[in-house]
Amino acid sequence: NRGYGDELWATCQELSESCPEVNPGALLTADTRIFRELFSQSQDQWALGRVSGTDLARETWRRALAEVGCSDNSVLELLISIHKRRSESFCKLFDDVRPFVETFHRHGIPLALITNSASDVQRPKIDTLNIGGWFKSIVISGEIGKVKPDPEVFEIALRELEIDRTGVWHIGDNLETDVAGANAAGIGSVWLNRFGQVREPASPVPGIEVESLTELASVLGPSR
C-alpha cells in the first residue's frame, strides 16, 4: 500500500482530534511496533486465510491504545472506523499501472492477479481501486489456502486463464515469493524492483529485472 506510514499517521492524528487524551505520536509508535510483533507471529496463518486482516488490525489497535493508557472500547471502535476510511483514501495505484494494463488489454492478452494476503484485506482494495474487471483470474492466498511460492498458486491462475505456461510472465516485487514461485511453476519471472534493492547472491534469480512497468512494457510489450 503506497503511503502506508502516512495513512497510519493520519489515522492517529484524526483520533486525537476527537480524543485529545490520546497522543498521536505515542499511538503511532506503539501501533507500528505491536503490528510488527503480531504480524511476525501470525503472517503464515494470515496469508492462508486462518487469521483475518480485520482481527489482526483490531488486536493491534487494542494493544496500542492500552499502551498509551486508553482502554475505552468506544475509542477503539472509532479508531477502527477512522483507519478503514483512511485506508481506502490512501489506496492508490502507481502511475505506470493503468497504461501498462491497457496496453495488454488492447491486444487481447488476459491478465491474472495473484496475491498473498487475507481475503478481507485484498478484496476491499480491489473494489476501492475498481480493478477487478481487469483480470480474468484473481487468486488470493487466503481464499485458496495456498501461498506463493507454492507453484499450485500459479497453476490455479493458469487454469482460470485457460492457457498453458508458454509465454507467460509473472510480475512481482518479492524475490522469495514472486520470483521463486514463478521459477518453480515454470513461467517467466519479472522482479519489479521499484526502490533499487540489491539482490543477495543466494536469492532467487529473476528472468527480468525492471524498475517500472513502463520499462517492462518496452521489453515485453505486445507491439514488439
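**Exercise 1. Around C12**

Which residues does C12 touch, not counting residues up to four places away in sequence?

*Solution.* Keep in mind that we're working with a predicted model.
- Start by placing the residue: C12 sits in helix 1.
- Next, check accessibility. C12 has 0% relative accessibility, so it counts as buried.
- Now list the partners, skipping residues up to four places away in sequence: C12 touches P24, L27, L28 and W61.
- For a sense of scale, try F135: C12 and F135 are 123 residues apart in sequence, and their C-alpha atoms are 35 Å apart in space. The C-alpha trace of the protein spans about 60 × 35 × 30 Å along its principal axes.

**Exercise 2. The nonpolar cores**

Work out which elements give two or more residues to the largest nonpolar core, and which one gives the largest share.

*Solution.*
- The largest nonpolar core has 23 residues, and L15, V22, L27, W61 and L65 touch the most other members.
- Helix 1, helix 2 (24–47), helix 3 (53–67) and helix 4 (73–90) each give two or more residues to this core.
- Helix 2 provides the largest share, with eight residues.
- Zoom in on V22: leaving aside neighbours within four places in sequence, V22 is in contact with L15, S16, L27, L65, V68 and C70.
- Don't stop there, as a second, separate core has 19 residues, including V101, W134, I140 and L216.
- As background, nonpolar side chains tend to be buried together in soluble globular proteins.

**Exercise 3. Cysteines without partners**

Explain why C70 forms no bond with the closest cysteine sulfur.

*Solution.*
- Begin with the overall tally: the whole structure has zero disulfides.
- Take C70. The closest cysteine sulfur belongs to C19 and is 6.5 Å from the sulfur of C70, so the two are too far apart for a bond. The cut-off to hold this against is 2.5 Å between cysteine sulfur atoms.
- Then take C91, which is in no disulfide either; the nearest cysteine sulfur, that of C12, is 19 Å away.
- Finally, look at burial. C70 is buried at a relative accessible area of 10%, and C91 counts as buried at 9%.

**Exercise 4. A buried glutamate**

Find out what the side chain of E7 pairs with in a polar contact.

*Solution.*
- E7 belongs to helix 1 (residues 4–18).
- Try charge pairing: E7 is buried yet has no salt bridge, and the nearest side chain of opposite charge, K125, is 7.3 Å away. A salt bridge would need a nitrogen-to-oxygen distance within 4 Å.
- Then try polar partners: the side chains of E7 and S87 share a polar contact of 2.7 Å.

**Exercise 5. Salt bridges, local and long-range**

Sort three salt bridges by how their partners are placed along the chain: R85 with E14, E88 with K84, and D96 with R194.

*Solution.* The whole structure holds 14 salt bridges.
- R85 and E14 meet at 2.3 Å, N to O. This pair links distant parts of the chain, with R85 in helix 4 and E14 in helix 1, 71 residues apart. R85 is partly exposed at 42%, whereas E14 is buried at 17%. A network of salt bridges links E14, R85 and R86.
- E88 and K84 meet at 3.0 Å, N to O. They're four residues apart in helix 4, so about one helical turn separates them. E88 is partly exposed at 36% and K84 is exposed at 54%.
- D96 and R194 meet at 2.9 Å, N to O. D96 lies in the loop between helix 4 and helix 5 (97–106) and R194 in the loop between strand 4 and strand 5 (208–210), so this pair ties together parts 98 residues apart in sequence. D96 is buried at 10%, and R194 is partly exposed at 21%.

**Exercise 6. Helix 9 from end to end**

Describe what caps the N-terminal end of helix 9 and what the buried residues of this helix pack against.

*Solution.*
- At the N-terminal end, N174 is the cap: one of its side-chain oxygens lies 2.8 Å from the backbone nitrogen of E176.
- The buried residues in helix 9 are L175, T177, D178, V179, G181, A182 and A185. They pack against helix 8 (151–161), strand 3 (169–172) and strand 4 (188–192).
- Take T177 as a sample: it has a relative accessible area of 18%, so it is buried. Leaving aside neighbours within four places in sequence, T177 is in contact with N116, K148, P149 and F154.
- After the helix comes G186, with a positive phi near 75°.

Methods: Residues numbered from 1 in each chain as written. Predicted model: local features only at pLDDT ≥ 70, side-chain atom pairs only at ≥ 80, totals over all residues. Heavy atoms only, no water. Buried < 20%, exposed > 50% of the residue type's maximum accessible area, 1.4 Å probe, protein only. Lys, Arg positive; Asp, Glu negative; His and termini not counted. Polar contact = N/O pair within 3.5 Å; in protein donor to acceptor, adjacent residues only side chain to side chain. Contact = heavy atoms within 4.5 Å. Core = buried A, V, L, I, M, F, W, Y, C linked by side-chain atoms within 4.5 Å.
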